[in-house]
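These are my notes from a session of looking things up in one structure. I start with a single strand pair and work outwards.

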Amino acid sequence: MITSILRPPPIIARMAFFAVLFGAWEWASRMGMVSRFIAPPPSEVLPAISLLYHDNELVTRFLRTFGQVFAASGIGAGLGMIIGWWLHHNKNAGRAFTDWFAAIAAAPLVLLFPLFLVLFGRNASTIIAMGAVAVLPPIILKTKEGLDHVPHVLINVGRTFNLTRWQYIHLIMMPASLPTIFTGLRLGLVFALINVVGVEYLIGFGGMGLMIAELGDRFEVAGMYAAILFVVLCSACFFWFTARLETWLLQSR
Amino acid sequence: MMHDTHSTPTLSIQNVSKHFETGKGTVTAVDHVSLDIQQGEFISIIGPSGCGKSTLMNMIGGLITEYDGSILLDGKPVRGCQPEIGMVFQEESTFPWRTALDNVAFPLEAGGVPKDKRHVRAHELLDLVGLTGFENHFPSELSGGMRQRIAIARTLAFQPRILLMDEPFAALDEQTRLLLGDKVVQIQQKLKQTTLLITHNIAEAVQLSDRVLIMTFRPGRIKRVVEITLPRPRSSEMVGSEKFAAYVAEIWADLRQEASKGLKETEAAAAH
């Protein structure tokens with residue numbers, strides 16, 4: 001009995017964590033320990049989500065943001081896998097450039113937004129390009145890593161069966177490296193979401209990021225927190241969805 | 001060469017040598033090895049670690065194409081992977097993302113055989129290796145011995161005329177190894193499959209083979225060929241027989257000298 005209380009199931013532990021977090025937030029706000037203008041209590045923030053829906057075109061903005069995230073992810077993933085394959089295939093290029101991409105992955109790429117603003121203008125192209133740039137490094141690195149680590153014996157099996165080049169790629173190399181590539185894809189999708197919302201906020205254009213900026217400018221603090229909370233929830237759902245997709249894809253390789 | 005027959009050997013290895021360039025100079029892994037294998041024969045190659053057994057196997061299988069000498073299949077020179085020669089590897093080689101059935105059907109899928117036909121064939125082969133009922137299991141759900149049987153069935157699906165096995169049971173415990181030896185004997189007898197086995201295990205070589213080739217430690221040469229005249233069909237029950245023990249002792253007497261050389265060289269290298 002005591003053990004089951006000390007070691008609750010993960011879902012119960014998660015719910016309890018959020019209950020404590022929101023409870024402490026509510027209490028601190030009501031007691032005046034935190035100004036309502038800085039952090040209004042959850043009892044004001046949560047109802048504001050419905051106001052976002054009615055007054056701020058939540059669905060339209062959500063679709064706009066996630067459309068841009070998917071466009072950026074698609075472009076970044078496609079290009080990243082091609083570059084990753086090239087770095088794997090061309091050993092000299094791999095030795096020369098892999099460290100660069102690792103360094104780029106650690107850089108705050110969102111700071112490049114003025115350059116992209118000049119190149120593409122204040123429109124969706126800038127946001128998608130910035131998202132795609134964020135997706136590239138993890139996809140490139142994980143694609144190369146996945147392909148580099150395909151067990152040599154599986155490659156030899158393919159050779160003994162006289163596979164064609166295309167069969168060798170789609171029957172052995174891709175399925176064998178898919179778990180690692182998918183790790184890069186999940187990281188890339190999260191980076192894309194961060195960059196897209198961030199750039200929307202910075203350049204005042206697009207969906208959710210722009211909505212957060214507008215609510216902040218109007219001092220609708222509860223609405224702003226509700227929008228942030230909504231983006232966090234969407235991000236969590238997004239992460240869960242990619243995890244399910246990964247499981248499904250790995251099973252159907 | 002060693003086998004007393006006038007027919008053209010199925011596989012003929014003639015004066016094959018392989019040298020590797022290393023940081024310490026040229027190393028001769030295989031030195032002027034010649035061997036004829038007749039259709040349906042089971043031959044084992046045994047030797048100490050580093051004697052070039054696997055290198056020889058990879059040359060025959062076509063994974064190594066740069067070597068001196070020639071390899072003939074039905075009297076015709078071949079170099080590179082051939083559909084007539086199938087290989088089973090020492091390492092785990094099943095595809096973890098495919099079920100047992102789809103692993104076995106893999107070469108047929110690559111060869112463009114329709115799904116229903118390749119699955120019928122894969123079912124037959126899984127039955128042959130004693131894995132009926134495990135068709136939809138993934139390799140991670142099976143034991144090491146079962147995974148190696150899947151690898152054997154997959155290679156047989158390609159219907160190779162010559163089956164090369166590079167220490168396929170090396171990672172298994174002794175009991176499983178003996179029982180799988182029985183299974184290999186049954187398959188070989190049923191299919192009359194020409195088979196070349198690389199092994200470290202003397203008992204396994206005696207249990208399975210018509211001839212056992214003992215290789216020298218570096219450079220790898222054929223030191224001696226021992227003809228195994230134990231009656232067939234054979235099984236692991238023979239392991240306790242007097243004649244079986246005599247063959248094991250005979251092979252070990254030759255192998256011991258080579259293994260000692262290998263051990264001394266390894267220790268000397270470690271000391272430096």
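Which residue does B:Met165 stand opposite in β8(B)? I looked it up: B:Met165 faces B:Leu197. I note here that the model is a predicted one.

**Entry 1: the strand pair.** I next checked how the two strands run. Strand β7 of chain B, residues 162-166, and strand β8 of chain B, residues 194-199, pair in the parallel sense. I found five bridges between them.

**Entry 2: the sheet in chain B.** I then traced the whole sheet. It is open, has six strands, and runs in the order β6-β7-β8-β3-β9-β10 with mixed pairing. Why does one side of β6 and of β10 lack a neighbour in the sheet? Strands β6 (85-88) and β10 (222-227) of chain B are at the edges and have a single partner strand each, so one side of each stays without a neighbour. Ignoring direction, I get an average turn of 20° between neighbouring strands of this sheet. I also looked for a helix on the sheet. Helix α4 of chain B, residues 144-157, packs there and touches β6 and β7 of chain B. The direction of α4 makes about 170° with that of β6(B).

**Entry 3: domains of chain A.** I moved to the other chain. Chain A is divided into domain 1, residues 1-31, and domain 2, residues 48-251. Taken over C-alpha atoms, the centres of these two domains are 32 Å apart.

**Entry 4: a helix pair in chain A.** I picked α10 (residues 208-217) and α11 (residues 221-251) of chain A, whose axes come within 8 Å and cross at roughly 160°. Angles over 145 degrees count as roughly antiparallel. The crossing angle therefore makes α10(A) roughly antiparallel to α11(A). I noted the crossing as left-handed. On the α10(A) side the contact is made by A:Met208, A:Met211, A:Ile212, A:Leu215 and A:Gly216. On the α11(A) side I listed A:Gly223, A:Met224, A:Ala227, A:Ile228 and A:Val231. By class, the residues of this contact are eight nonpolar, two polar and no charged.

**Entry 5: where the chains meet.** How many residues does the contact take from chain A and from chain B? I read 14 residues from chain A and 14 residues from chain B. On the side of chain A that touches chain B, the elements giving two or more residues are α8 (152-160) and α9 (165-203). The largest share of that side, six residues, comes from α8(A). I sorted the side of chain A by class and wrote down eight nonpolar, four polar and two charged residues.

How values were computed: Residues are numbered from 1 along each chain as its sequence is written. Chains are lettered from A and ligands numbered from 1 in the order in which they are written. This is a predicted model: local features need pLDDT of at least 70, side-chain atom pairs count only at pLDDT 80 or more; totals for chains, interfaces and linings use all residues. Domain bounds come from an automatic or database domain assignment. Axes are lines fitted to C-alpha atoms, for helices over the stretch in contact, and angles run from 0 to 180 degrees between N-to-C directions. Helices (H or I, at least four residues) and strands (E, at least two) are DSSP runs, numbered from the N terminus. Angles under 35 degrees count as roughly parallel, over 145 as roughly antiparallel, 65 to 115 as roughly perpendicular and the rest as oblique. A crossing is left-handed if the near helix is turned anticlockwise from the far one by less than a right angle, and right-handed if clockwise. Two residues are in contact if their C-beta atoms, placed from the backbone, lie within 7 Å. Ala, Val, Leu, Ile, Met, Phe, Trp, Tyr, Cys and Pro count as nonpolar, Asp, Glu, Lys and Arg as charged, and the others, Gly among them, as polar. Two strands pair if DSSP finds at least two bridges between them.
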